[in-house]
Amino acid sequence: MSSVTYGQCLLYRGSDVQSGLEGGHEAGGLGNDPRELPRPKRSAFNISKYNSTSIVNKLLGEHDMIGHLAHQKDSETHLQCLNCSEVDTMADCGVCLDPLQGAGIFSCLMCGNNTCWPCSLQVDKCPFCRAALLPDFRVRNLGMERLLAKLALPCKNYRWGCNRRLVESERSSHEEECSFSPVTCPLHLCKWHGENEHFVEHMKQSHSISLLVGNGITIEISKFRTKTILSDKKTRKYIVSLFCHSAIFTCKVFLHKKKLRMVFLKVCSAESYSKKHFGAWLEISSSFRTLKGIMPIAQCSQNVKELDISCQSLVSPWKKSEEQVKITITIRPLS
Ligand SMILES: [Zn+2]
Ligand SMILES: [Zn+2]
Ligand SMILES: [Zn+2]
Ligand SMILES: [Zn+2]
Ligand SMILES: [Zn+2]
């Protein structure tokens, strides 16, 4: 194997780049350890589509100019570095395949292999050597935890397409709001769980609910003056369900007894109840006036607050012409 050493990165030249990576642990010698469980290949990243000479050229340029850390943002570039791609294949839990970062690392006292700490609590035998895991003998591998804490490892949603890389200190806050997180259907008694992109379809098929994907919507009410007068007798409703931040937000706007009433709700079940709070950023505008504000969004139909705006405040008292009212709603996490 011909190789070139460059800074901290050892680069294999020519076709070796490909065979080295394809072989995974085999090439590095570690794969011969019979205690090592076979690991499924990551499908999200496919290194073989790159031509090997361009990898070397690109890496030389990259490490030369911006150094080793420069490629941590872009997973595809990142994986063109042999060291980085090897770390990726070894730094995930062999049981749940999540990155071994942030949750603690369990180390088997008998065979020395690692899983994430939560996985080790699910089993009473080591998944590698089958040794009994007595509670007193569960140890954490603090050395490896410290090492991996500083490396930029993939978001746990890499399987669903997220290509963010995270060090331990940023992991939990990103993963909490990662838009690639699989979702659990929040509707009562429904056990559906799956990818974001299939969720909208599920809601339509199983619950006949149409969701708009996105964190905002603009509702336009034309002939507002006439509709205001009619609202004494007839309530008009504008209801939309938005799917964003891995949750469903129902926005209801009523035109009722000369009032514009707005209600926002995050749809959730007891299981999907979260401590994270969201707000609706509102902008209500007519040619006469623009109102702006932020309204907190309730969860699980508890403490639902209503916002009432008098219709008169949106139309000019001096003009008699028709008015168009535009309501812009944007859902964001409240910090
Ligand atoms: Zn590198
Ligand atoms: Zn695990
Ligand atoms: Zn073991
Ligand atoms: Zn992510
Ligand atoms: Zn469902």
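This is a short walk through two zinc sites, some salt bridges and a surface patch in a predicted model.

**Stop one: zinc, ligand 4.** Select the zinc ion (ligand 4) and show its neighbours. Its protein donors are Cys155 (SG), Cys162 (SG), His174 (NE2) and Cys178 (SG), at 2.1 to 2.3 Å. Turn on angles if your viewer has them: the four donor atoms subtend 105 to 112°, so the arrangement is tetrahedral. For reference, ideal tetrahedral angles at a metal are 109.5 degrees. Trace the chain and you'll read the donor spacing as C-x6-C-x11-H-x3-C. Switch on a surface, and Cys155 and Cys162 both turn out to be buried.

**Stop two: zinc, ligand 5.** Now pick the zinc ion (ligand 5). Cys185 (SG), Cys190 (SG), His202 (NE2) and His207 (NE2) coordinate this ion at 2.0 to 2.2 Å. The site is tetrahedral, with angles of 98 to 118° among the four donor atoms, and the donor residues are spaced C-x4-C-x11-H-x4-H in sequence. Have a look at the two histidines: His202 is buried, with a relative accessible area of 9%, whereas His207 is partly exposed at 23%.

**Stop three: salt bridges.** There are seven in the whole structure; here are some to click on. Start with Asp88 and Arg165, whose closest N and O atoms are 2.6 Å apart. This pair ties together distant parts of the chain, with Asp88 in helix H5 (residues 82-90) and Arg165 in strand E7 (residues 165-166), 77 residues apart. Asp88 counts as buried at 2% relative accessibility, and Arg165 is buried at 2% too.

Next, go to helix H8 (residues 168-177), where Arg171 and Glu175 sit four residues apart, about one turn of the helix. Their side chains meet in a salt bridge of 2.7 Å, N to O. Arg171 is buried at 4% relative accessible area, and Glu175 is buried at 13%.

Then jump to Lys258 and Asp232, which form a salt bridge of 2.5 Å, N to O. Lys258 lies in the loop between strand E13 (247-256) and strand E14 (259-267), while Asp232 is in the loop between helix H10 (224-230) and strand E12 (236-244). Lys258 is partly exposed at 26%, and Asp232 is partly exposed at 35%. Before moving on, select Arg261, Glu306 and Asp308 together: they are linked in a network of salt bridges.

**Last stop: a nonpolar patch.** Show the surface and colour Leu109, Leu134 and Phe137, which make a nonpolar patch of about 310 Å². To find Leu109, head for the loop between strand E3 (105-107) and strand E4 (114-116).

How values were computed:
Residues are numbered from 1 along each chain as its sequence is written. Chains are lettered from A and ligands numbered from 1 in the order in which they are written. This is a predicted model: local features need pLDDT of at least 70, side-chain atom pairs count only at pLDDT 80 or more; totals for chains, interfaces and linings use all residues. Side-chain values use heavy atoms; hydrogens and water are left out. Donors are N, O and S atoms within 2.8 Å of the metal (3.2 Å for Na, K and Ca); water is not among the atoms, so sites may look incomplete. Four donors count as tetrahedral if all angles lie between 85 and 135 degrees; four count as square planar and six as octahedral if opposite donors are over 155 degrees apart and all others between 65 and 115; anything else is irregular. Buried means under 20% relative accessible area, exposed over 50%, partly exposed in between (1.4 Å probe, protein chains only). Patches are made of residues with over 30% relative accessible area and no salt bridge: like charges are joined within 9 Å, nonpolar side chains (Val, Leu, Ile, Met, Phe, Trp, Tyr) within 5 Å. Accessible areas come from the Shrake-Rupley method with a 1.4 Å probe; for residues, only the protein chains shown count as cover. A salt bridge is a side-chain nitrogen of Lys or Arg within 4 Å of a carboxyl oxygen of Asp or Glu. Helices (H or I, at least four residues) and strands (E, at least two) are DSSP runs, numbered from the N terminus.
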